[in-house]
Amino acid sequence: TDIAGEFSGIGVTITQNENGIVVLSVMDGSPAIKAGVMKGDYIIAVNGQSVEGMEIASVKNLIVGESGSEVNVTVRRGEEEIVLTCVRGAVKMTYTQTKMLTDDIAYLKLIQFSKTAAEEVKTYVKDIQGKGIKKLVFDLRDNPGGDLDTALEIANIFISMGRIGELRYK
């Protein structure tokens, strides 16, 4: 579902670090943002069940569910623990965030290499061509990876010749 780009959930991107499960981003208009989930929150429980020591995939499985159903997400924000109630909904992920930094510098953040990300990148690059853009900041920070074919397709937008990558198996 992460790579496909559509699921029923709350609309957050999470990762795991030494301190637990942390929210990397919250989608605009998502159930999570409506409930008050913020970037940097640590998810410590889902529906009262502690997620301490759980793998990220298990936490995601607790969060996603039937559209219209409620899920209680307990977050740690600083020293405070907050229980937030989210109503799950259809979430169509957008994997890019864009803006103009100056009149001639564009910004593109790629959140994940999903099946739809290449088309989003192509559309943005096409939109800014011919508008006097001299530089593009291509931000891959906090990108957890994803679909290899998509990564190669995106690389081909910017690199016209030469080897982009290589796969080696045992």
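In this predicted model, a handy place to start is Val-37, which, neighbours within four places in sequence aside, is in contact with Val-12, Val-23, Val-26, Ala-32, Arg-77, Leu-84 and Cys-86. Val-37 also turns up in the largest nonpolar core, a group of 20 residues in which Ile-10, Val-12, Val-37 and Ile-43 touch the most other members. Quite a few elements chip in two or more residues to this core: strands E2 (12-17), E3 (20-26), E4 (42-46), E6 (70-77) and E7 (80-87), along with helix H2 (56-63). Apart from this core lies another one, made of 12 residues, including Ala-117, Val-121, Tyr-124 and Ile-154. As a general backdrop, nonpolar side chains in soluble globular proteins tend to be buried together.

Further along the chain, strand E10 makes a good second stop. E10 is mostly covered, with 5 of its 6 residues buried. On one pairing, E10 runs antiparallel to E9, and 6 bridges join the two. E9 and E10 form a hairpin, with 2 residues between them, and Thr-98 stands opposite Leu-108 in E10. E10 also pairs with strand E11 (residues 135-139), this time in parallel, through 5 bridges. Put helix H3 (residues 117-128) into the picture, and E10, H3 and E11 make a right-handed β-α-β unit.

Within E10, which spans residues 105-110, sits Lys-109. Is this lysine buried or exposed? With a relative accessible area of 13%, Lys-109 falls under the 20% cut-off, so Lys-109 counts as buried. Where does the side chain of Lys-109 reach? It goes to the backbone oxygen of Arg-141, at 2.8 Å. In the pairing with E11, Lys-109 stands opposite Asp-139. Setting aside neighbours within four places in sequence, the residues in contact with Lys-109 are Tyr-95, Thr-96, Gln-97, Asp-139, Arg-141 and Asp-142.

One of those contacts, Tyr-95, deserves its own look. Tyr-95 lies in the loop between strand E8 (89-92) and strand E9 (96-102). Loop or not, the relative accessible area of Tyr-95 is 1%, which is under 20%, so Tyr-95 is buried too. What separates the C-alpha atoms of Tyr-95 and Glu-120? The two residues are 25 apart along the chain, and their C-alpha atoms are separated by 7.4 Å.

Terms used:
Residues numbered from 1 in each chain as written. Predicted model: local features only at pLDDT ≥ 70, side-chain atom pairs only at ≥ 80, totals over all residues. Heavy atoms only, no water. Helix = DSSP H or I, 4+ residues; strand = E, 2+ residues; numbered from the N terminus. Buried < 20%, exposed > 50% of the residue type's maximum accessible area, 1.4 Å probe, protein only. Polar contact = N/O pair within 3.5 Å; in protein donor to acceptor, adjacent residues only side chain to side chain. Contact = heavy atoms within 4.5 Å. Core = buried A, V, L, I, M, F, W, Y, C linked by side-chain atoms within 4.5 Å. Pairing = 2+ DSSP bridges. Right-handed = clockwise from strand over helix to strand, strands pointing away.
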